[in-house]
Amino acid sequence: MIDERWQDIYASRQTNKILTGELSAIERVKIGGDEAKECAVVFYNGAKVLIPFEEMGLPRENITIVRSMIGAEIDFVVRGIDTDREIAVGSRKFAMALRRKLELPKHNVGDIIQIRIDAVGKNSVIAEVYGIETRIPKEEIDYGYIDRINDLLQVGDKVQAKITELDPEQGIVKVSIKETKPNPFLTVGTKYVKGGEYLGTVKGVKSYGYFVNLEQGIDVLCPNTYWKDMPKRGDKVTVRITYINKNKQYVSGILKRIIRKA
């Protein structure tokens, strides 16, 4: 009788059933008669599944890339079972190809779908979209200034995104997380006006100035000050708006004073 933990494992091996589990570790393991190789590890219902790096479906078999994915859910199909060692060997690449073939043709540009964040970088994230890994640049994650992407998104997050480009035959899909959200700039010019002074929070400090957040997606770029007590990230300040460009979604202003330190 098959252990309940292994029922899905055997079903995946026999029928190419796609399973999903959390990437929890990286190990160097000898599989079969081959030399030891780097593998991602998924613990599926207590069963240990090894996914060799070459079966991860990544552009490069790079431990840094795989390490950045630890904690993310990944799809895989079981390709082999070692009953003596009580381990299974899976392929994410095979699962992605199946997902791409079965799911991607069902969608069109403009559709709102759920995506899964696989990696978070400095200027972009990598998300899996129906078997295709696509890079989402910072400017398509949210409106306004983004200081640190990982303040908004973490590996493993499942979020809504809008398909902006799609070619199933070429395996191309581009998405925008930002376009699923209301555009806050639609109210700029009525809610916030040139010459007005507003309370905000310092969100980013750069060599060329400060980004002061008025609300989610609305940030005012202010030049550096010559104050003795320089503002820091998190400080509450007031700013006077000097310029608004709704088309370019850009607002600039001047820092007036610090209201409360972070």
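## Terms and starting point

In the class counts used here, Ala, Val, Leu, Ile, Met, Phe, Trp, Tyr, Cys and Pro count as nonpolar, Asp, Glu, Lys and Arg as charged, and the others, Gly among them, as polar. With that in hand, the lining of the second largest pocket divides into 3 nonpolar, 2 polar and 5 charged residues. Please keep in mind as you read that this is a predicted model.

## The second largest pocket

Let us stay with this pocket for a moment. Its volume is about 240 Å³. The lining consists of Asp75, Arg99, Gln114, Ile115, Arg116, Glu128, Val129, Tyr130, Gly131 and Lys158. Two elements, E6 and E7, give two or more residues to the lining of this second largest pocket. E6 supplies the largest share, with 3 residues.

## The largest pocket

The largest pocket has a volume of about 350 Å³. It is lined by 18 residues, and those closest to its centre are Pro59, Ile65, Ala119, Ile126 and Arg135. Helix H2 (63-68) and the strands E6 (112-120), E7 (124-129) and E8 (132-137) are the elements that give two or more residues to this lining.

Sorted by class, the lining of the largest pocket has 7 nonpolar, 7 polar and 4 charged residues. Strands E6 and E7 are worth following further, since they give two or more residues to the lining of the largest pocket and also to that of the second largest.

## Strand E6 and its partners

How are E6 and E7 joined? They run antiparallel, with 4 bridges between them. Ile117 has Ala127 in E7 as its bridge partner. The link from E6 to E7 is a hairpin through 3 residues.

E6 also pairs with strand E9 (residues 158-167), again in the antiparallel sense, over 5 bridges. Here Ile113 stands opposite Ala161 in E9. As background, side chains in a regular strand alternate between the two faces of the sheet.

Just ahead of this strand, in the loop between H3 and E6, you will find Asp111. Asp111 counts as partly exposed because its relative accessible area of 25% falls between the 20% limit for buried and the 50% limit for exposed. Its C-alpha atom is separated by 8.4 Å from that of Thr164, although the two residues are 53 residues apart along the chain.

## Strand E3, between E2 and E5

Strand E3 has 6 residues, and 5 of them are buried, so this strand is largely enclosed by the rest of the structure. E3 pairs with E2 in the antiparallel sense over 6 bridges. Within this pairing, Tyr44 stands opposite Ala47 in E3.

E3 is also joined to strand E5 (residues 87-91), this time by 3 bridges and in the parallel sense. The bridge partner of Leu50 in E5 is Val89.

## Two asparagines with positive phi

The loop between strand E2 (36-44) and strand E3 (47-52) holds Asn45. The hairpin of these strands has 2 residues between them, and there Asn45 takes a positive phi near 50 degrees. That is a positive value in a residue other than glycine.

Asn16 gives another case: its phi is positive, at about 60 degrees, although Asn16 is not a glycine. Asn16 lies in the loop between helix H1 (7-15) and strand E1 (19-30). Is Asn16 buried, partly exposed or exposed? With a relative accessible area of 32%, Asn16 is partly exposed.

## Helix H3 and its two sides

Helix H3 (residues 92-103) is built from 12 residues. From its first C-alpha to its last, H3 reaches 16 Å, close to the 16 Å expected at 1.5 Å a residue.

Which residues of H3 are buried? Arg92, Ala95 and Met96 are. These residues lie on the same side of H3, because they cover an arc of only 100 degrees around the axis. Lys101 and Leu102, on the other side of H3, are exposed.

Key: Residues are numbered from 1 along each chain as its sequence is written. This is a predicted model: local features need pLDDT of at least 70, side-chain atom pairs count only at pLDDT 80 or more; totals for chains, interfaces and linings use all residues. Side-chain values use heavy atoms; hydrogens and water are left out. On a 1 Å grid over the protein atoms alone, a cavity is a set of points where a 1.4 Å probe fits but cannot get out, and a pocket is an open set with protein on both sides within 12 Å along at least five of seven lines; lining residues have an atom within 4 Å of a point. Grid points are joined across faces, edges and corners, and a volume is the space filled by probe spheres set on the points. Buried means under 20% relative accessible area, exposed over 50%, partly exposed in between (1.4 Å probe, protein chains only). Two strands pair if DSSP finds at least two bridges between them. The expected span of a helix is 1.5 Å times one less than its number of residues. The arc is that of the directions from the helix axis to the C-beta atoms.
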